[in-house]
Structure formats: C-alpha cells, structure tokens
Amino acid sequence: MSAGWNTIESGQSFPTTPPSTRRAVLTCATHRRRPFASHSHLVEEGTHIDGIQGVFTFLIESLGVKNVQFDELISLDPESLQQLNPIGVIFLFKYPTGEQQQKDKPLDGEFDYSALSEQQPEDGEPVWFAAQTIQNACGTQALLSVLLNQDGAGDGKINIGPNLKDFKDFTSAFPSELRGEALSNSDLIRDVHNSFARSSPFVSDETRLATEDDDVYHFIAYTSINSTLYELDGLQPAPIRHGDAGACPAEIFADAVVPVLQRRIERYPQTEIRFNLLAMCEDLRLKAREVGDEEMLAREEQKRREWRWENALRRHNFVGFIGEVMKGVTAAKLKEGSYGTWVEEARAATRKRVEERQKKGQGGEDEMDIS
C-alpha cells in the first residue's frame, strides 16, 4: 500500500501532534482524508516511482526556487551520485512501524542538538530543522530541509526565491516544534504541495494507526551543512550527524552519504527492495548549455516535457471520462447482442484473479462482488 493524495479545503485547520506521540500518527496508507496530500501515493509495487522527480522539480519551482531539479538514482554508488554534483539527496524507504526507536541515540550517527544553536563555528549557520507535526508532508518537508539549509549566494548555494526566504527568516528564531507548526500552516507551501495532488473522488474519512502489516513510506533528507553530513528527519528530535563535524565538505558529499545509506538499507531483510533515492542538483539544462552538449540539452528538455504531461495527467479526474467510455462500450455490446456474454467473461476473469490471489495468500476480500 502507499499513501494517497487528497486536497485541503480553504480554511481547514491542521492537526498538531506533540513530539512524544509523533511516531504514533503514522496512519495506514490507504486512508486519505488529510490536510496535506501525501507524496507517497507514487510508491507502487517494487517502489517504482511514477515521475516523482518531475513532481518535486516543478513543486520547488512553484515555490520560487531557481535552477534546481531532482533526478532519480538507479544505482547506489558514489560515482553515479557525484556525476550530478548533488546539493543533497532525498531517500524514500518503508517505515519500520514495529521498530522500537531510541530517544537518546539514533540507530546510526549522533543527535546533534548543538547544530541548532546560534553559536556556530566561523562562517557557520545553525541547521534549519523542523519537527514533522503532520502525517503527509514528509516529502515536501524533506526537500525543504535541504533547500532552507543551502540558501545563499555563494558557490554551491541555492536561490530559494523570496517566498521561501521570507519563510526561513520568519522561522529562524523558532524551535523545531514551532517551525513544524509554521510549515504545516503555511498557505503557500500547502497550496503548492496540494496542487500536485492526484485527483480522486474516492476518499475515505476513516483513519487508523499503522501496524507492522501496513506499508507506510517515509522521506528523509541528507545534505552537507557547515561541512558536516546531516540526516534531516522530522520524526527525530534533532538533526543526526554522520561522521565528525567538519569532515564532509560538499565536494565529498557523495562519497560520505552512500555508506550511510547502505548501512540503513542493510538493517532491512534482504528481500526488502522498496527504496528510492533522488538527488537534488543544479538544473542539468544549464550544465548542457555551458558545455555545449546539444544531445544532453535535448534529452533534458524532453524529460521536462514528459514531466509536465505526467503532472497534468495526475491532476485530472478521469472518472467522468471512464464513465462515458463504459456507457459507449455497453451500448455497443447491447447493440451487438453480446452484452450477457461480455459480462460473464468479465466475471470469470475477476473470479480467476481472486482465486490466484488467494492461492498466493494475498486474500481476495477486497475484490468487487462478482455474484
């Protein structure tokens, strides 16, 4: 299962969650009446991600970010990642709902509360870190965690635009809990986030806590801040430092982050393959223009066209169209006199599919009534 999208009505309030119970609010991914639309609906069998790099790229552009894009990594190795000269990475994984979390020490790395302090080494800035106070904005929160920590005019920094700059300045003195509240109540972030929602008229009001049997997915971010490798996860109490402070300048980020990701993956059974890694990098069209690579530029422009098309399809509600098609097909079958045979063939095919699922131990109780 994967979490579904849903849009929010104007003026709807956001639920808040105290940090002590934050982990408990991960809800079963099939129930979708939520203020923020979840990006995890893009996760399907085998963690195939349907155009999520296009969703995230156009999402940050809509927020005002300049010359930044996302690209999906097929292999987990430093060389492939370094080719993109990454600003940070977004890692998607199946959240271990049954795993006991340690409050004083993460499973890997160290909580770095000092990174939140205003007292930083020369030329250093406090890490912008927000607690996740709502269930379904972890994707947007992960990418914002990278963007708001890489804002600036220097080499390797990002032009995040005036809207996010104002948001960062407004929340700069807030503790992580209040930053999470500010993020969840930002009209701009909410509206842009939900503008990429998959249109669906089938929305349930029911929610329940996730169990070990549920597939719940989570996005987290990794980036180099003050030459230190940090993991930014709003479900944790603080940024997680991997390695020594100052030991990960941006130039070696790819070499430093890959072993950390490999260790995380190794905590799962060997049969678990549902992971995905997205690199945040400079717009590759700029690189193509700089080096005069017309083939690369054409490839990247085609990629953008495909992303626009996928995003347009994602927003469209096809229920009316499907209804009209079904009415047309049914009318044709009635005119041919083959309607009864057509229905019986469909019932037989559905019955066979249910039986195959039952043989595999997947059950068939969710299938439609074929009586």
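Helices here are DSSP runs of H or I with at least four residues, strands are E runs of at least two, and both are numbered from the N terminus. The model is predicted.

**Stop 1: the end of H8**

Select Gly292, just after helix H8. Check the backbone there: Gly292 has a positive phi of about 70°.

Now step back into H8 itself, residues 284-291. Which residues of H8 are buried? Colour Leu284, Arg285 and Ala288; these are the buried ones. Look down the helix axis: the buried residues of H8 fall within an arc of 105°, so they line one face of the helix. What does that face pack against? Show helix H1 (52-62), strand S1, strand S7 and helix H9 (294-315), because the buried residues of H8 pack against these elements.

**Stop 2: charges around H8**

Show the side chains of Arg285 and Glu301. They meet in a salt bridge, 3.6 Å from N to O. Arg285 is in H8 and Glu301 is in H9, so this pair ties together parts that are 16 residues apart in sequence. Arg285 counts as buried, at 14% relative accessibility. Glu301 is partly exposed, with a relative accessible area of 22%. The cut-off matters for this pair: buried means under 20%.

Next, select Arg289, also in H8. Buried or partly exposed? Arg289 is partly exposed, and its relative accessible area is 48%. Neighbours within four places in sequence aside, Arg289 contacts Leu297 and Glu301.

Widen the selection to Glu61, Asp283, Arg285, Arg289, Glu301 and Arg304. Salt bridges link these residues in a network.

**Stop 3: H1 against H9**

Keep Glu61 and Arg304 on screen, and add the helices around them. At what angle do the axes of H1 and H9 cross? They cross at roughly 90° and come within 9 Å. That makes H1 roughly perpendicular to H9.

Now show the side chains where they meet. On the H1 side, pick Gln53, Gly54, Val55, Thr57, Phe58 and Glu61. Their counterparts in H9 are Arg304, Trp307, Arg308, Asn311 and Arg314.

**Stop 4: the sheet**

Switch to the strands. How many strands form the open sheet? There are seven, in the order S1-S7-S2-S4-S5-S6-S3, with antiparallel pairing. S1 and S3 (110-111) stand at the edges with a single partner strand each, so one side of each has no neighbour in the sheet.

Begin with S1, residues 68-73. Edge strand or not, S1 has five of its six residues buried, so the rest of the structure largely encloses this strand. S1 runs antiparallel to S7 (residues 275-282), and six bridges join the two. To see one of the pairings, pick Glu72: its bridge partner in S7 is Leu278.

Move to S2, residues 88-94. Seven bridges join S2 to S4 (residues 217-225), again antiparallel. Ile90 is a good residue to click on, with Ala221 as its bridge partner in S4.

**Stop 5: H7 across the sheet**

Bring in H7, residues 253-266. Which strands does H7 lie across? They are S2, S4, S5 (228-232), S6 (240-242) and S7. Relative to S4, H7 runs at about 150°.

Pick Arg264 and Glu231 next. The closest N and O atoms of this salt bridge are 2.9 Å apart. Arg264 lies in H7 and Glu231 in S5, so the pair ties together parts that are 33 residues apart in sequence. Are these two residues buried or exposed? Arg264 is buried, with a relative accessible area of 10%. Glu231 is buried as well, at 3% relative accessibility.

**Stop 6: a pair within H11**

Finish at helix H11, residues 339-359. Select Arg347 and Glu344, which form a salt bridge with 3.2 Å between the closest N and O atoms. What separates the two along the helix? They are three residues apart, and that is about one helical turn. An α-helix has 3.6 residues a turn, so residues three or four places apart point the same way. Arg347 is partly exposed at 31% relative accessible area, and Glu344 is partly exposed at 45%.

For the remaining charged pairs, turn on the full set: the structure holds 19 salt bridges.

How values were computed. Residues are numbered from 1 along each chain as its sequence is written. This is a predicted model: local features need pLDDT of at least 70, side-chain atom pairs count only at pLDDT 80 or more; totals for chains, interfaces and linings use all residues. Side-chain values use heavy atoms; hydrogens and water are left out. Buried means under 20% relative accessible area, exposed over 50%, partly exposed in between (1.4 Å probe, protein chains only). Two strands pair if DSSP finds at least two bridges between them. Contact means heavy atoms within 4.5 Å. Axes are lines fitted to C-alpha atoms, for helices over the stretch in contact, and angles run from 0 to 180 degrees between N-to-C directions. The arc is that of the directions from the helix axis to the C-beta atoms. A salt bridge is a side-chain nitrogen of Lys or Arg within 4 Å of a carboxyl oxygen of Asp or Glu. Angles under 35 degrees count as roughly parallel, over 145 as roughly antiparallel, 65 to 115 as roughly perpendicular and the rest as oblique.
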